[in-house]
Amino acid sequence: MHSHMQTSGPDAMSGGVTRLGPAASDAVLGAFARLNRHGPSGLRQARLLLVDVLGWPPGALEKCVAIERDFPGWVAWYYPADDARPEFWAATREAGETRLLSCADADGLRAAIGSA
């Protein structure tokens with residue numbers, strides 16, 4: 001059984017990257033929040049699926065893994081742009097904190113984690 005996320009625009013593509021409509025994007029963010037309650041393993045498992053489902057750009061997963069390698073105790077991921085917001089990178093601590101850091105790019109996220 002295949003599920004279909006509603007996307008926006010005539011073909012929902014912009015430069016080869018899928019753009020989600022606000023409802024679909026909010027559903028994805030909500031799913032991440034639920035997975036986060038199960039700890040970092042839930043987020044990491046979901047991230048592997050979302051790379052394909054959301055059409056992450058080449059190298060995005062590798063950047064997340066590199067951030068986590070360089071900053072143990074953090075979980076990082078990428079959010080594609082949608083109708084309501086531009087793309088962004090985010091991270092949260094694996095345990096003890098629910099604060100979410102977010103930045104426009106992976107380098108900014110590295111700096112934010114480094115000063116957190």
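**Salt bridges, core and helix packing**

With a relative accessibility of 5%, Arg47 counts as buried, since the limit for a buried residue is a relative accessible area under 20%. This value, like the others reported here, was computed from a predicted model. Arg47 forms a salt bridge with Glu68, and the closest N and O atoms of the pair are 2.6 Å apart. Because Arg47 lies in helix α2 (residues 40–53) whereas Glu68 lies in helix α3 (residues 60–70), the pair ties together parts of the chain that are 21 residues apart in sequence. Glu68 is also buried, with a relative accessible area of 12%. Side chains of opposite charge can pair when their charged atoms come close.

The structure holds 3 salt bridges, and the two that remain to be described share Asp70. The side chains of Arg110 and Asp70 meet in a salt bridge with an N to O distance of 2.9 Å. Arg110 belongs to helix α4 (residues 106–114) and Asp70 to helix α3, so this pair ties together parts that are 40 residues apart in sequence. Asp70 also meets Arg69 in a salt bridge, with 4.0 Å from N to O, and in this way Arg69, Asp70 and Arg110 are linked in a network of salt bridges. As regards accessibility, Arg69 counts as exposed at 57%, while Asp70 is partly exposed with a relative accessible area of 40% and Arg110 is partly exposed with a relative accessible area of 25%.

The elements named so far can be placed within the chain as a whole. The chain has 4 helices and 5 strands, and these follow one another along the sequence in the pattern β-β-α-α-α-β-β-β-α. Of the 116 residues in the chain, 38% are buried. When contacts between residues at least 6 apart in sequence are considered, 35% of them join residues that are at least 24 apart.

Helices α3 and α4, which carry Asp70 and Arg110 respectively, were also examined as a packed pair. Two packed helices are described by the angle between their axes and the distance between the axes. The axes of α3 and α4 come within 11 Å and cross at roughly 20 degrees. Since an angle under 35 degrees counts as roughly parallel, this crossing makes α3 roughly parallel to α4. The crossing in which α3 passes α4 is right-handed. On the α3 side, the residues that meet α4 are Lys63, Ala66, Ile67 and Asp70, and they face Ala106, Leu109, Arg110 and Ile113 in α4. Asp70 and Arg110, whose side chains form a salt bridge, are thus among the residues at which the two helices meet.

In soluble globular proteins, nonpolar side chains tend to be buried together. In the present model, the largest nonpolar core has 24 residues, and those with the most contacts inside it are Trp56, Trp77, Trp89, Leu109 and Ile113. At least two residues of this core are supplied by each of α2, α3, β3 (74–79), β4 (88–93), β5 (100–103) and α4. The largest share, 6 residues, comes from β3.

Leu109, one of the core residues with the most contacts, is found in helix α4 and is buried, with a relative accessible area of 0%. Apart from neighbours within four places in sequence, Leu109 is in contact with Ile67, Ala76, Trp89, Ala90, Ala91, Leu101 and Cys103. The C-alpha atoms of Leu109 and Ile67 are separated by 8.5 Å, although these residues are 42 residues apart along the chain.

Ala76, one of the residues in contact with Leu109, is placed in strand β3 and is likewise buried, with a relative accessible area of 0%. If residues up to four places away in sequence are not counted, Ala76 touches Arg47, Cys64, Ile67, Glu68, Ala90, Ala91 and Leu109. This list includes Arg47 and Glu68, the two partners of the salt bridge described at the start. Between Ala76 and Leu101, which are 25 residues apart along the chain, the C-alpha atoms are separated by 9.3 Å.

A further position was considered in a loop. Asp83 is found in the loop between β3 and β4, where it is partly exposed, with a relative accessible area of 48%. Asp83 and Ala23 are 60 residues apart in sequence, and their C-alpha atoms are 9.7 Å apart in space.

Terms used: Residues are numbered from 1 along each chain as its sequence is written. This is a predicted model: local features need pLDDT of at least 70, side-chain atom pairs count only at pLDDT 80 or more; totals for chains, interfaces and linings use all residues. Side-chain values use heavy atoms; hydrogens and water are left out. Buried means under 20% relative accessible area, exposed over 50%, partly exposed in between (1.4 Å probe, protein chains only). A nonpolar core is a set of buried Ala, Val, Leu, Ile, Met, Phe, Trp, Tyr and Cys residues joined through side-chain atoms within 4.5 Å. Axes are lines fitted to C-alpha atoms, for helices over the stretch in contact, and angles run from 0 to 180 degrees between N-to-C directions. Angles under 35 degrees count as roughly parallel, over 145 as roughly antiparallel, 65 to 115 as roughly perpendicular and the rest as oblique. A crossing is left-handed if the near helix is turned anticlockwise from the far one by less than a right angle, and right-handed if clockwise. Contact means heavy atoms within 4.5 Å.
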